[in-house]
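Subject: Structure for you to look at, with notes

Dear colleague,

I am passing on the structure below, together with some notes to read beside it. Please keep it open while you go through them.

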Amino acid sequence: MVVDDTIFYRKIITDILAELDYVEVVATANNGKTALHKIRTLKPDLLTLDVEMPIMNGLELMEKINQQGLNVECIMLSSKTQKSSEATIQALELGALDFIPKPDSDSADDNIKAIKTELTRLLKEYIYNRRFKEKPGKKPTATLKKPAAAPKPAEPLKRREKSQVIAIGVSTGGPNSLARLLPKIPGDIGIPILLVQHMPPLFTASLAQSLDRKSALKVKEAEDGEEIKANTVYIASGGKQMKVAANNGLKKAIRITDAPPENNCKPSADYLFRSVALEYGSKATFVIMTGMGSDGSKGLSVAKAAGSLAIVQDEASCVVYGMPKAVVEAGLADIVAPLDSLAQEIIKTVQ
């Protein structure tokens with residue numbers, strides 16, 4: 001179902017979806033109230049959902065979906081404004097699968113192409129993830145090659161030293177998962193946390209503000225050149241790369257760069273992880289959480305060679321079991337734990 005208050009975007013999205021033979025558009029709606037009625041009767045699997053709408057906006061519709069236990073996933077479409085980005089982060093924390101920033105090129109053809117590229121990518125993520133969440137005995141909705149058997153996780157490191165930093169990589173499903181993880185970490189944990197969440201510019205700042213309100217830790221979007229301090233979560237800026245570098249002797253600092261994307265990601269967990277491994281060696285804990293693709297696994301191989309510890313979110317609690325799966329299959333995971341146990345495992349490595 002396509003939900004948007006503008007005829008222009010309803011037509012663009014509908015036309016794009018009509019070209020995909022594995023998608024059926026069952027209805028459209030111009031506000032959340034109308035959509036809610038149609039969701040109950042038509043039971044769509046997935047919504048493309050505008051954030052800003054009259055009568056009932058996208059965020060209010062997400063809240064109704066959760067309250068009424070309706071089984072439907074949502075991909076948000078968001079304008080590149082502060083207000084819209086804040087609402088989008090709230091929708092993601094409520095369980096939206098992901099979002100697409102509405103492009104603002106002067107060329108209508110370029111805008112349509114950008115939406116088509118992102119929407120097609122997210123649909124593939126949705127379908128890929130749904131195949132693994134089918135009930136036992138139920139025929140999959142699409143064919144899938146049987147995954148190779150994963151090797152056993154690496155033997156946990158028996159370290160005598162405490163970690164001095166936590167580095168986290170996360171993608172699809174991240175805002176909701178982080179909103180559950182970070183409040184469980186004490187505000188006086190005594191070390192910094194460096195975090196890559198795959199997001200475009202503006203949205204990472206809104207994510208930091210939202211998580212800061214929920215956490216005892218200070219959460220902020222990282223700034224170039226700032227000294228890294230304990231009890232602070234530094235979120236990589238959307239559209240930039242973040243790394244750690246030595247500054248004034250033993251002190252560490254954030255460096256924000258315009259280095260190329262890695263794994264089609266900017267920011268990239270691989271880019272961050274390599275620098276953390278170089279600066280902290282064995283005194284670092286790396287965490288890979290829900291997300292599509294394999295970003296983080298190559299950087300983690302460097303970190304493991306330096307003696308670092310790797311914690312991975314388990315399949316059952318992931319929105320998309322891609323990034324964690326790549327680490328497990330590479331034999332790089334020391335600890336595999338459900339989302340609600342990740343904070344406890346992180347704290348252990350610091351203690």
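I begin with R180, which is placed in helix α6, where helices (H or I, at least four residues) and strands (E, at least two) are DSSP runs, numbered from the N terminus. Before going further, please bear in mind that this is a predicted model, in which local features need pLDDT of at least 70 and side-chain atom pairs count only at pLDDT 80 or more, while totals for chains, interfaces and linings use all residues. Residues are numbered from 1 along each chain as its sequence is written, and side-chain values use heavy atoms, with hydrogens and water left out.

At 39% relative accessibility, R180 counts as partly exposed, a term for values between the two cut-offs, since buried means under 20% relative accessible area and exposed over 50% (1.4 Å probe, protein chains only). Not counting residues up to four places away in sequence, R180 touches L339 and D340, contact meaning heavy atoms within 4.5 Å. As a long-range reference, the C-alpha atoms of R180 and P101 are separated by 24 Å, and these two residues are 79 residues apart along the chain.

The helix that holds R180, α6 (residues 174-181), is mostly covered, with six of its eight residues buried. Those buried residues are G174, P175, S177, L178, A179 and L181. What covers them includes the helices α4 (82-93), α7 (203-214) and α11 (339-350), as well as the strands β6 (166-170), β7 (193-197) and β13 (309-313).

One residue of α11 deserves a separate look, namely A343, which is buried with a relative accessible area of 3%. Leaving aside its neighbours within four places in sequence, A343 is in contact with L181, K184 and I185; L181 is one of the buried residues of α6. The C-alpha atoms of A343 and L182 are separated by 7.4 Å, although the two are 161 residues apart along the chain.

Next comes a pair of helices. Two packed helices are described by the angle between their axes and the distance between the axes. Helix α8 (residues 269-280) and helix α9 (residues 297-305) pack at an angle of about 10 degrees, with their axes 7 Å apart; the axes are lines fitted to C-alpha atoms, for helices over the stretch in contact, and angles run from 0 to 180 degrees between N-to-C directions. That makes α8 roughly parallel to α9, because angles under 35 degrees count as roughly parallel, over 145 as roughly antiparallel, 65 to 115 as roughly perpendicular and the rest as oblique. On the α8 side the contact is made by D270, F273, R274 and A277, and on the α9 side by S297, K298, G299, L300, V302 and A303. These residues divide into five nonpolar, two polar and three charged, where Ala, Val, Leu, Ile, Met, Phe, Trp, Tyr, Cys and Pro count as nonpolar, Asp, Glu, Lys and Arg as charged, and the others, Gly among them, as polar.

The loop between β11 (252-257) and α8 holds P267, and the peptide bond from K266 to P267 is cis, with omega near 15 degrees. N263 is placed in the loop between β11 and α8 and has a positive phi of about 60 degrees although it is not a glycine; at 33% relative accessibility, N263 is partly exposed. N231 likewise has a positive phi of about 60 degrees without being a glycine. N231 sits in the loop between β8 (218-221) and β9 (232-235) and is partly exposed, with a relative accessible area of 25%.

I112 lies in helix α5 (residues 108-132) and is partly exposed, with a relative accessible area of 32%. Leaving aside neighbours within four places in sequence, I112 is in contact with I12 and I16, while the C-alpha atoms of I112 and P186, 74 residues apart along the chain, are separated by 45 Å.

Finally, the chain as a whole. The protein chain has eleven helices and 14 strands, and 52% of its 351 residues count as buried. Its C-alpha atoms fill a box of roughly 60 × 45 × 35 Å, taken along the principal axes. Residues 24 or more positions apart account for 71% of the contacts with a separation of 6 or more.

With best wishes
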